Amino acid sequence: MNAPLHEWNLLPKDAIALQKQLAKQLELADRIDPVAHIAGMDIGFEDDGATTRAAVVLLKWDPAPAPDLTVVEQIVHREPTRMPYVPGLLSFREIPAALGAFEKLSIMPELIMVDGQGIAHPRRLGIAAHLGLWLDLPTIGIAKSRLYGKYAEVGEARGDWVPLRAGNDTIGAVLRSRAKVKPVFVSPGHRISLETSLDWVMRCLGRTKLPEPTRLADRLASRRGQRTKQLQDSLF
DNA sequence: GCGACAG
DNA sequence: ATCTTGTCGC
């Protein structure tokens, strides 16, 4: 599964054409193996953007006796940044480093939660969808802000959600993952439906806005998250 | 033509 | 995304 450079270093027009082709291969019906492990993935940058830092956190999922998630592995993988950020083409900038991190994982998960959009994208190929296709694994996109789609106001209670739509299609959901806090944008990536995506996000929610897999990956990928963790650890 | 625009 | 302390609120 080595990623040839030509697959990622594309001119915008070619990247856009490729997205349209790949989107046709997405499966939006559930095709998920029994879930034993869930991974969270996020990207951060260092050296003023010169280095891309991919973080993957692997959690063990225990449904009984009480739903529980336990961290079993954490990977941080660094690579030189190869593309600038272009709205709509995020996956070409971040996936290469993400793949490097997944290759270092000793166990592959049955489900991946990605920081970013799934199909809630102008060409239905957000980073979660693109990664799901490449790894051939179920993926869910959980973004902290909107890239594409229209939506009505969401209720204030935790668990309330409204559809995120584009034309006549529902491409995701705007979910109030925590009472009175800005909602998150959930959209299926690959091999999963929106309903199941929402179920998993709710099941992985602690008392924070982001579900555990993405929250932990976020912390591992970001500078401030590392500093905060070290500070907390030093306080025992 | 004028905004909007994941991370 | 990143630069960054304290501070307001549940």
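1. Starting with where the protein meets DNA strand B: strand S1 (37–46) and helix H3 (90–103) each put at least two residues into the surface near that strand. H3 gives the largest share, at three residues. Keep in mind as you read on that this is a predicted model.

2. There are 19 residues around DNA strand B, and the ones that come nearest are Tyr85, Gly88, Lys144, Ser145 and Arg146. On the DNA side, 49% of the strand B atoms within 4 Å of the protein belong to sugar and phosphate. Sorted by class, this surface has eight nonpolar residues, five polar ones and six charged ones.

3. Which atoms of Gly88 and Gln117 face the bases of strand B? In both cases a polar backbone atom does the job: Gly88 has one 3.2 Å from a base nitrogen of DNA strand B, and Gln117 likewise has one at 3.2 Å from a base nitrogen of that strand. If you're scanning the side chains for these two contacts, look at the backbone instead.

4. Lys144 is worth pulling up on its own, as it turns up beside both DNA strands. Towards DNA strand B, a backbone N or O atom of Lys144 sits 2.8 Å from a phosphate oxygen. Towards DNA strand C, an N or O atom in the Lys144 side chain is 3.4 Å from a phosphate oxygen. So that you can place it within the protein too: Lys144 is also among the residues in contact with Asp218, which is buried.

5. Now the rest of the strand C side. Gly44, Phe45, Lys144, Ser222, Arg223 and Arg224 surround DNA strand C. S1 and helix H7 (223–234) are the elements that contribute two or more residues to this surface. Phe45 also makes a phosphate contact, with a backbone N or O atom 3.5 Å from a phosphate oxygen of DNA strand C. The class split here is one nonpolar, two polar and three charged residues.

6. On to the largest pocket, which holds about 370 Å³ of space. Its lining runs to 21 residues, with Tyr85, Leu90, Gly116, Gln117 and Ala143 nearest the centre. S1 and H3 are the elements that give two or more residues to the lining, and H3 supplies the largest share, three residues. In terms of class, count nine nonpolar, seven polar and five charged residues. Two names should look familiar: Tyr85 is listed among the residues nearest strand B, and Gln117 has the base contact from point 3.

7. Is Asp218 buried or exposed? This residue of helix H6 (residues 212–221) counts as buried because its relative accessible area of 18% is under the 20% cut-off. Beyond its neighbours within four places in sequence, Asp218 is in contact with Asp42, Asp115, Lys144 and Leu210.

8. Last one: what does the side chain of Gln19 reach? Gln19 lies in helix H2 (residues 12–23) and is buried, at 0% relative accessibility. Its side chain comes to 2.9 Å from the backbone oxygen of Gly88, and Gly88 is one of the residues that come nearest DNA strand B. Leaving out residues up to four places away in sequence, Gln19 touches Gly88, Leu89, Ser91, Phe92, His121, Arg123 and Leu125.

Technical notes
Residues numbered from 1 in each chain as written. Chains lettered and ligands numbered in written order. Predicted model: local features only at pLDDT ≥ 70, side-chain atom pairs only at ≥ 80, totals over all residues. Heavy atoms only, no water. Near = heavy atom within 4 Å. Polar contact = N/O pair within 3.5 Å; in protein donor to acceptor, adjacent residues only side chain to side chain. Helix = DSSP H or I, 4+ residues; strand = E, 2+ residues; numbered from the N terminus. Nonpolar A, V, L, I, M, F, W, Y, C, P; charged D, E, K, R; others polar. 1 Å grid on protein atoms, 1.4 Å probe; cavity = no way out; pocket = protein on both sides within 12 Å on 5 of 7 lines; lining within 4 Å. Points joined across faces, edges and corners; volume = space filled by probe spheres on them. Buried < 20%, exposed > 50% of the residue type's maximum accessible area, 1.4 Å probe, protein only. Contact = heavy atoms within 4.5 Å.
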